[in-house]
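Me: I'm just starting out with protein structures, and I'd love some help reading this one. Could we go through it step by step?

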Amino acid sequence: MSTSCPETEDERARGTSVMVRLATLAAVAPLGAVVGFVSSVCAGWLTRYWEAGQPAQLIAVVALLVYVALLYAGCRLLVWGSGTPDAAMAFTTGFVVALFVVIGYNPGGDVVLTGHMIHNAFQLGSMLALASAVVVSSIRGARRARSAARGERS
């Protein structure tokens, strides 16, 4: 007499992968919030020497462009590491929530990011980089799923 197992191996593997995915998302969203908070506070320093003239302004703009490129690459790396575009979405959600908290007024009335041009470029550039990373990841994930359904190799 054989006992029947209520779950097959595929069902157990699928359940494990769901748990791993949820754990990844639970770790990635706070990571996005921390990166958003720390980078927003650091972006406040981009205007520190703005009045010093052209070299300081150029350095601030180049630093911002490098940061936005690294943010995009890091978000894509999260997708590659987790194997799902959900990680990019979780990171982006955490980042944007932290950014909105930082751009609001603090209880003392201080503002971390002002209405300065470079601060606006930081806000828009970082959100654009993260949004494009999410979109590119979703499109590539959909293509991969479609080709896997057809039985093609990617």
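What follows is a short set of questions and answers about this predicted model.

Me: Which pattern does the chain follow along the sequence?
Reply: Good place to begin! The chain has four helices and zero strands. Reading along the sequence, you therefore meet a helix each time, as helices and strands are the elements counted here. The pattern is α-α-α-α.

Me: How much of the chain is made up of buried residues?
Reply: A residue counts as buried when its relative accessible area is under 20%. The chain has 154 residues in total. Of these, the buried share is 26%.

Me: Which helices each supply at least two residues of the largest nonpolar core?
Reply: As background, nonpolar side chains tend to be buried together in soluble globular proteins. Here the largest nonpolar core has 22 residues, and Phe91, Phe95 and Leu130 are among those with the most contacts inside it. The helices that each supply at least two of its residues are H1, H2, H3 and H4.

Me: Which residues does Phe95 touch, beyond those up to four places away in sequence?
Reply: Phe95 is one of the H3 residues that meet H2, and it is also among the core residues with the most contacts. Setting aside residues up to four places away in sequence, its partners are Gly32, Ala33, Val35, Gly36, Ser39, Tyr67, Leu71, Phe122, Ser126 and Leu130.

Me: Is H2 oblique or parallel to H3?
Reply: Two packed helices are described by the angle and the distance between their axes. The axes of H2 (residues 54-82) and H3 (residues 86-103) come within 8 Å and cross at roughly 140°. Because an angle has to be over 145 degrees to count as roughly antiparallel, H2 is, relative to H3, oblique.

Me: How many charged residues are in the contact of H2 with H3?
Reply: On the H2 side you find Tyr67, Leu71, Cys75, Leu78, Val79 and Ser82, which meet Ala87, Ala88, Phe91, Thr92 and Phe95 in H3. By class, that contact has nine nonpolar and two polar residues. The number of charged ones is zero: there are no charged residues.

Me: Is Gln123 buried or exposed?
Reply: Gln123 lies in helix H4 (residues 117-150). Leaving aside neighbours within four places in sequence, Gln123 is in contact with Leu99, Ile103 and Leu113. Its relative accessibility is 14%, so Gln123 counts as buried.

Me: How far apart in space are Gln123 and Ser40, C-alpha to C-alpha?
Reply: In sequence, Gln123 and Ser40 are 83 residues apart. In space, C-alpha to C-alpha, the distance between Gln123 and Ser40 is 8.4 Å.

Technical notes. Residues are numbered from 1 along each chain as its sequence is written. This is a predicted model: local features need pLDDT of at least 70, side-chain atom pairs count only at pLDDT 80 or more; totals for chains, interfaces and linings use all residues. Side-chain values use heavy atoms; hydrogens and water are left out. Buried means under 20% relative accessible area, exposed over 50%, partly exposed in between (1.4 Å probe, protein chains only). Contact means heavy atoms within 4.5 Å. Axes are lines fitted to C-alpha atoms, for helices over the stretch in contact, and angles run from 0 to 180 degrees between N-to-C directions. Angles under 35 degrees count as roughly parallel, over 145 as roughly antiparallel, 65 to 115 as roughly perpendicular and the rest as oblique. Ala, Val, Leu, Ile, Met, Phe, Trp, Tyr, Cys and Pro count as nonpolar, Asp, Glu, Lys and Arg as charged, and the others, Gly among them, as polar. A nonpolar core is a set of buried Ala, Val, Leu, Ile, Met, Phe, Trp, Tyr and Cys residues joined through side-chain atoms within 4.5 Å.
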